[in-house]
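Welcome to this guided tour. Please open the structure in your viewer and keep the selection tool at hand.

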Amino acid sequence: MPQKCILIVEDEAVIADGISHAFRTDGFLPHHLTLGETALALLQRPEAEQSQLIVFDVGSPDPSGFEVCRCLRQFCDVSVIFLTACNDEIDRIADLEIGADNHVTKPLPS
């Protein structure tokens, strides 16, 4: 059975490494990118391997995870989890309205 691919878009290497390790431990194949625009370009290629899940840092610098998700939703319905430092209820609701399937608050548990 082929491994399920997870795309992680996170500009902080330490966080991305921790997330990648956790997914790898559970049998997934994580792929880490630092920029949202690189993720969009990859996902739009017809030959691109389909990810089962995308984890976006909403504070990614180029463009933000919000913008990447908005663009992504125009051509793809893959599950999306936002990573964010915001934990207010209004932030969680906004994330879901933008197109995320879930919202995880940083710092992540170790």
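Start with the whole protein in cartoon view: its secondary structure comes to four helices and five strands. If you follow the chain along the sequence, the pattern reads β-α-β-α-β-α-β-α-β. Keep in mind throughout that this is a predicted model.

**The whole protein**

Stay zoomed out for a moment. The C-alpha trace spans about 40 × 35 × 25 Å along its principal axes. How does the radius of gyration compare with that of a compact globule? For 110 residues, such a globule would have a value near 13 Å, and the protein has 13 Å, so the two agree.

Now switch on a surface. The protein exposes about 6,500 Å², and carbon and sulfur atoms supply 54% of that area. Of the 110 residues, 38% are buried. For contacts between residues at least 6 apart in sequence, 58% join residues at least 24 apart.

Colour by charge next. There are 7 positive and 18 negative charges, and their mean positions are 5 Å apart.

**Stop one: serine 20**

Select serine 20, which you will find in helix α1, covering residues 13-25. Is this residue buried or exposed? Serine 20 has a relative accessible area of 7%, so it counts as buried, the cut-off being under 20%. Show its surroundings, leaving out residues up to four places away in sequence, and you will see that serine 20 touches Ile8 and Pro30.

**Stop two: the aromatic pairs**

How many aromatic pairs does the structure hold? There are two. In one of them, phenylalanine 23 and phenylalanine 28 meet edge-to-face, with 5.7 Å from centre to centre and 80° between the planes. Phenylalanine 23 is buried, at 18% relative accessibility, whereas phenylalanine 28 is partly exposed, at 25%.

For the other pair, select phenylalanine 66 and phenylalanine 82. These rings are also edge-to-face, 5.5 Å apart centre to centre and with 85° between their planes. The pair links distant parts of the chain, 16 residues apart: phenylalanine 66 belongs to helix α3 (residues 65-72), and phenylalanine 82 to strand β4 (residues 79-84). Phenylalanine 66 is partly exposed, with a relative accessible area of 26%, while phenylalanine 82 is buried, at 0%.

**Stop three: around phenylalanine 28**

Go back to phenylalanine 28, and look at the loop between α1 and β2 (29-33), where this residue sits. Which residues does phenylalanine 28 touch, not counting those up to four places away in sequence? They are Gln3, Lys4, Ile6 and Phe23. Draw a distance line to glutamine 3: the two residues are 25 apart in sequence, yet their C-alpha atoms are 5.6 Å apart in space.

**Stop four: threonine 84**

Move along to threonine 84, in strand β4. At 5% relative accessibility, threonine 84 is buried. Reveal its contacts, again without residues up to four places away in sequence, and you will find Val58, Asp95, His103, Val104, Thr105 and Lys106. For a longer view, draw a line from threonine 84 to serine 51: they are 33 residues apart in sequence and 21 Å apart in space, C-alpha to C-alpha.

**Stop five: alanine 85**

Finish with alanine 85, in the loop between β4 and α4 (89-98). Is alanine 85 buried or exposed? Its relative accessible area is 63%, so alanine 85 counts as exposed, the cut-off being over 50%. Alanine 85 touches Thr105 and Lys106, with residues up to four places away in sequence left out. Both of these also appear among the contacts of threonine 84. As a last selection, add valine 104: the C-alpha atoms of alanine 85 and valine 104 are separated by 8.5 Å, and the residues lie 19 apart along the chain.

Note on methods: Residues numbered from 1 in each chain as written. Predicted model: local features only at pLDDT ≥ 70, side-chain atom pairs only at ≥ 80, totals over all residues. Heavy atoms only, no water. Helix = DSSP H or I, 4+ residues; strand = E, 2+ residues; numbered from the N terminus. Buried < 20%, exposed > 50% of the residue type's maximum accessible area, 1.4 Å probe, protein only. Contact = heavy atoms within 4.5 Å. Phe/Tyr/Trp six-rings, centres within 6.5 Å; stacked < 30°, edge-to-face > 60°. Rg over C-alpha atoms; globule rule 2.2 N^0.38 Å. Areas by Shrake-Rupley, 256 points an atom, 1.4 Å probe, with all protein chains shown as cover. Lys, Arg positive; Asp, Glu negative; His and termini not counted. Charge placed at Lys NZ, Arg CZ, Asp CG, Glu CD.
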